[in-house]
Amino acid sequence: MSEKEMKNDQENEELQDNTTDTEVNEQEQQEEVKAAENTDTAVAAELAEMKDKYLRLMAEFENFRRRTAKERIDLSKTATQDVMTELLPVLDDMERASHSFETTKDTDAMLQGLELVFHKLKHVTQQKGLQAMQIQAGHDFDTEMHEAITQIPAPSDDLKGKIVDVVEKGYTLNDKVIRFAKVIIGA
């Protein structure tokens with residue numbers, strides 16, 4: 001073989017190799033495009049699924065919020081029903097006492113009747129958790145339990161900064177202060 005033929009053969013081989021490489025590259029590129037399209041489709045499907053889950057979750061949360069708000073309103077409307085039902089007999093007793101005051105002139109009997117109604121009222125409120133604060137002159141002033149309405153010169157040195165007099169009782173409902181005791185403190 002001559003050099004010319006060898007060169008031609010070599011060029012033919014290189015040409016075939018280049019053609020084969022080009023075909024392989026084109027196939028790889030087509031596979032990559034298909035893989036990218038599949039990935040894009042999978043990502044789009046996953047995104048659509050996530051959006052759906054998100055929308056459902058938001059709707060569920062909104063329903064929960066509305067339901068709890070409605071339950072809270074209903075509870076606040078009916079919360080006092082129990083207390084009022086317990087107080088109705090006391091109210092009836094007060095009406096009967098009022099009518100008997102008009103007809104009876106016996107003050108001792110009226111006082112006894114009034115005391116009975118008062119004890120009944122006190123019993124009902126204690127059952128519901130209402131407690132009067134036990135405060136006396138000489139106790140330490142506590143801003144979480146007492147409200148100082150005025151300050152006067154202390155009658156003695158041991159009452160300085162302490163309670164001198166209780167003007168109005170304080171009350172707690174289930175250990176929570178609902179009315180502060182109004183007190184006078186010594187200066």
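## Exercises: a turn and a sheet

At 77% relative accessibility, aspartate 175 is exposed (over 50% relative accessible area; under 20% is buried, in between is partly exposed; 1.4 Å probe, protein chains only). The model is predicted: local features need pLDDT of at least 70, side-chain atom pairs count only at pLDDT 80 or more, and totals for chains, interfaces and linings use all residues. Residues are numbered from 1 along each chain as its sequence is written, and side-chain values use heavy atoms, without hydrogens and water.

**Exercise 1.** Describe the backbone and setting of asparagine 174 and aspartate 175.

*Solution.*
- Step 1: Place asparagine 174. The loop between strand E4 (171-173) and strand E5 (176-179) holds this residue. Strands (E, at least two residues) are DSSP runs, numbered from the N terminus.
- Step 2: Place aspartate 175. The loop between E4 and E5 holds this residue.
- Step 3: Read phi. Asparagine 174 is not a glycine, yet its phi is positive, about 50 degrees. For aspartate 175, also not a glycine, phi is near 65 degrees.
- Step 4: Check exposure. Asparagine 174 is exposed, at 58% relative accessible area.

**Exercise 2.** Work out the strand order and edges of the open sheet of three strands.

*Solution.*
- Step 1: Write the order. It is E1-E4-E5, with antiparallel pairing. Two strands pair if DSSP finds at least two bridges between them.
- Step 2: Find the edges. E1 (130-132) and E5 each have a single partner strand, so one side of each lacks a neighbour in the sheet.
- Step 3: Inspect one pair. E1 and E4 are antiparallel over three bridges. Leucine 130 has leucine 173 in E4 as its bridge partner.

Conventions: Helix = DSSP H or I, 4+ residues; strand = E, 2+ residues; numbered from the N terminus.
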